[in-house]
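Trainee: I would like to learn how to read cysteines, strands and buried charges from a model. Where should we begin?

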Amino acid sequence: MIRSPADSAADARFGEDDRGAMHRALELAERGLATTHPNPRVGCVLVKEGRTVGEGWHEWAGEPHAEALALRAAGNEAAGATAYVTLEPCCHQGRTPPCVEALIAARVKRVVFAMRDPDPRVDGRGAERLRAAGIEVASGLMQIEAAELNAGFIKRVAHGLPWVRVKLAMSLDGRTALASGASQWITGEAAREDVQRWRARSSAVLTGVGTVLADDPRLDVRVSMPKPRPPLRVVLDGLLRTPPSARLFESPGDVWIFADASADPVRRTALEARGAHVEFAPSARSQSRDEEPGVRLDLRQALVRLAEIQMNEVHVEAGPTLAGALIHGGLADELLIYAAPVLLGPQARPLAILPRLEALRDAPRFEIIESAAIGPDLRLRLRPRVSEPHPRQA
């Protein structure tokens, strides 16, 4: 992972013991990947005289925070200890008491946190309260790693949009399906299982009505991971063409369908009878053969609405039209691409449909942040190449 000089300078203020304890706190925080929604993933380690005396991580939304669990594990040993926390301790009363007050009451000596909490109810106030109580406070240690764990929470709170991860499976020549539409299966079983884990950590799984009509996906999570609730399944369907018999209604969990306000009210009633929530979104008329006939939903406004209902990470599994629209609109924060060692030829369907380019310099460019072999396939994670700080570096 690329680190900036400022990040390296911040870490230079800390010793190896500090880094080791924060690394452990990050490992603990990662255990909440699929369970803390809509809260951030947070870990805490209490160290006293070189010994770890307590550990905890935020396990489930509505239950004790990482600091409270670590303090409970430490008991009286917390007095005089250093608390290493991956996110600035909260100072407001929510479903659980403020963590700063628990740390003060336990008489910890020092608090080191990785990054400030962008939540306006905290955002520096937690650190101020700790300092006012005479506790030494330091921040910035391994902040990129901490921000990476909570990219969705950070973007939602700071920018009013969820983190959008677009999953695509392709051949070596960048094709996603045969000309006939046949695509099962380009990638192997290991890659398909890996996709399930990405679904599990997401707040919502989103697709377009074209995919629903062509593939009839369930969009559910079929992997053994602790999960308090299934991710919200979201369909962009301007004209409400989703069949009430679609398989996505057969699995537990909520289904939202974004539609144009002019959509057929009879179709809406039928879908609502199947349990769908129909949400109207702004739209524009379209005559393009590459788009849904007659209507084009405002993708940004649909994502804003998902952020309003506290969706942190939106996992997109859709065809080339929607994938291209998200990329071209600057709404795709990350591409999750599975490349299979197979060639499909020029007649096969493309990875993403984008506007015609007049110059190579206008091509969307990405940086590869991770690559990994998943069975016989290659998984690539890419993010738009930008000149200003990326949300994950906030």
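**Cysteines, a sheet and a buried charge**

Mentor: A search of the whole structure finds 0 disulfides, a disulfide being a pair of cysteine sulfur atoms within 2.5 Å. This is a predicted model, in which local features need pLDDT of at least 70 and side-chain atom pairs count only at pLDDT 80 or more, while totals for chains, interfaces and linings use all residues. Residues are numbered from 1 along each chain as its sequence is written, and side-chain values use heavy atoms, with hydrogens and water left out.

Trainee: Why is the sulfur of Cys-44 without a bond to Cys-99?

Mentor: A disulfide is a covalent bond between the sulfur atoms of two cysteines. For Cys-44 the closest cysteine sulfur is that of Cys-99, and 8.4 Å is too far for a bond. The sulfur of Cys-90 also has Cys-99 as its closest cysteine, at 3.7 Å, again too far for a bond.

Trainee: Is Cys-44 buried or exposed?

Mentor: Buried means under 20% relative accessible area, exposed over 50%, and partly exposed in between (1.4 Å probe, protein chains only). Cys-44 is buried, at 0% relative accessibility, and Cys-90 is buried at 7%.

Trainee: Which strands stand opposite Cys-44?

Mentor: Strands of a sheet pair through backbone hydrogen bonds, either parallel or antiparallel. Strands here are DSSP runs of E, at least two residues, numbered from the N terminus, and two of them pair if DSSP finds at least two bridges between them. Cys-44 stands opposite Gly-56 in β2 and opposite Val-85 in β3. β1 runs antiparallel to β2, with 6 bridges, and antiparallel to β3, with 4 bridges.

Trainee: What is the strand order of the open sheet?

Mentor: The order is β2-β1-β3-β4-β5, 5 strands with mixed pairing. β2 (51-57) and β5 (136-139) are the edge strands, each pairing on one side only. The parallel sense appears between β3 (residues 82-85) and β4 (residues 110-113), over 4 bridges; there, Tyr-84 has Val-112 as its bridge partner.

Trainee: Which residues lie on each side of β1?

Mentor: In a regular strand the side chains alternate between the two faces of the sheet. In β1, Gly-43, Val-45 and Val-47 lie on one side and Cys-44, Leu-46 and Lys-48 on the other, all buried.

Trainee: How far is Asp-237 from the nearest side chain of opposite charge?

Mentor: A salt bridge needs a side-chain nitrogen of Lys or Arg within 4 Å of a carboxyl oxygen of Asp or Glu. Asp-237 is buried without one, as Arg-241 is 4.7 Å away. The side chain of Asp-237 does reach the backbone nitrogen of Arg-241, at 2.8 Å. Asp-237 is in the loop between β9 (232-236) and β10 (255-259).

Technical notes:
Lys and Arg count as positive and Asp and Glu as negative; His and the chain ends are not counted. A polar contact is a pair of N or O atoms within 3.5 Å; within protein, one must be able to donate a hydrogen and the other to accept it, and residues adjacent in sequence count only if both atoms are side-chain atoms.
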